[in-house]
Amino acid sequence: MKTTPKISTFVAIAALLLVMAVAISIWSFDQIQVTSDAQKQNVLILDKADELLSSLIDAETGQRGYLLTGDETFLQPYLAIRNSVASNLTQLSEITKISAANQHLNLVAPLIDAKMAELKRLIELRRENKMTAVTAEVREGHGKRLMDSIRAEMYSFIQIERDALAQKEVELKSNMRRMFNIIITAALLWTLFALAFIYLIYRQSQQKLKNIVHLETQHLLEAQENTNKKLQQVNVTLQDSEEKLAVTLNSIGDAVITTDAEARVTLLNPLAEQLTGWTRAEAAGRPIGEIFPIINKETRLAATIPVMETLAHGTIQGLANHTVLIARDGSECDIADSCAPIRDRDGQVVGAVLVFRNVSDEYAVQQALRDNAALIQTIINTVADGIITLHARNGIIETANPTAQRMFGFSATELTGLNFSTLIVGARLKLPRCAR
């Protein structure tokens, strides 16, 4: 009960400070808005002044081009501002609030009228082909002097507006700093009053909070103890599962790589480390394409890693034949593999397991057999004796070398599939003279 009047006093003071801070902030914001609007007005004036001066310069440049060439297209800038330059100057004068700047506009108005008249006069002389008069007028330099005077007055006008813009920027920064200081000060005062208020409340309810905290602490300790026991059981189970999985992966004869749902490597067994050249620690978290680069053996082009298709469609994928794995050290080996999805309890694909093996020796044996068969066939095709191979059961001719084809007068296509007994008694039998 003793703290109630103090709390009421703090609340009243805080409310008063809040009202004062809001009022001062609104006033500062209005000042910032006024300064910002004035800046925008200065920028608009500068843009219009630059546009007016640029249009006059373009008109003069176009007029010179017309005087030299007689091409009417050069007059487009002049024609564009001929009827609007006076109104543009009037608009610029109306929006200019600085009297010194307006004085320059008043001085430049007759100069612009004289310049436009000079442009018109020379254009008309050129249209009448009075080139002597045009040349004399240009040499006199009256138009150049007019344009120099216009530039001087406009540059003075622009400089005054730029100085005003710079002043507005200084005012805006000052207003912003003032508003920032007001906000910081109000925030600090509010923080101090808040801390004091919290301290009073804390003293009033300290004992009650201690009791509540003590009870909650007991409950949390009990809950934490139960949780720790469950976690220990889970850890034991996980360790046992991981040990069994590690033994299984290390003992199988194939290389194994697992990934997460983003195709980042999570595990390699020892054989996979040996074939890829990456250790499990180095490969963890890296994209599968970096650890398992594969190419087509014949084209040497990059092959598609089946992990991507498995993760995308949740199906088992395999590699095409003649796929080569490039190890980290640049060595190569032929591989065969398959990839299957890893799913969670809800059936969602959360990763992939890639199982592959080195088949370089198998491919070498197959190639050696093909080479031996090709060698034998070459020998058969080059010997001087006729050689025919028959099916063991029905005597059907399976192959015939070129010598046999010449002896019997049949092509290889005609002999293949023919019964050998039919060949012997056929009318087309052609034996060498010495055999008859």
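In this predicted model, the largest pocket holds about 260 Å³ of space. Its lining is made up of 17 residues, and those closest to the centre are Gln63, Arg64, Leu67, Leu122 and Val138. Four elements each give two or more residues to that lining: α1 (4-69), α4 (99-127), α5 (131-140) and α6 (142-251). As for chemistry, the lining of the largest pocket is a mixed bag, with six nonpolar, five polar and six charged residues.

Next come the strands. Strand β1 (residues 255-260) runs antiparallel to strand β2 (residues 265-268), and three bridges hold the pair together. Within this pairing, Ile257 of β1 sits opposite Leu268 of β2. The two strands make a hairpin, with four residues between β1 and β2. One of the residues in the turn, Ala263, has a positive phi of about 65 degrees.

That leaves the cysteines. A disulfide is a covalent bond between the sulfur atoms of two cysteines, and the model turns out to have zero disulfides. Why does Cys333 not form a bond with Cys339? The cut-off for a disulfide is a sulfur pair within 2.5 Å, whereas the closest cysteine sulfur to that of Cys333 is 17 Å away, in Cys339, so the gap is too far for a bond. Looked at from the other end, the closest cysteine sulfur to that of Cys339 is the one in Cys333, again at 17 Å and too far for a bond. Both residues are tucked away from the surface by the 20% cut-off for buried: Cys333 counts as buried because its relative accessibility is 10%, and Cys339 counts as buried at 0%.

Note on methods
Residues numbered from 1 in each chain as written. Predicted model: local features only at pLDDT ≥ 70, side-chain atom pairs only at ≥ 80, totals over all residues. Heavy atoms only, no water. Buried < 20%, exposed > 50% of the residue type's maximum accessible area, 1.4 Å probe, protein only. 1 Å grid on protein atoms, 1.4 Å probe; cavity = no way out; pocket = protein on both sides within 12 Å on 5 of 7 lines; lining within 4 Å. Points joined across faces, edges and corners; volume = space filled by probe spheres on them. Nonpolar A, V, L, I, M, F, W, Y, C, P; charged D, E, K, R; others polar. Pairing = 2+ DSSP bridges.
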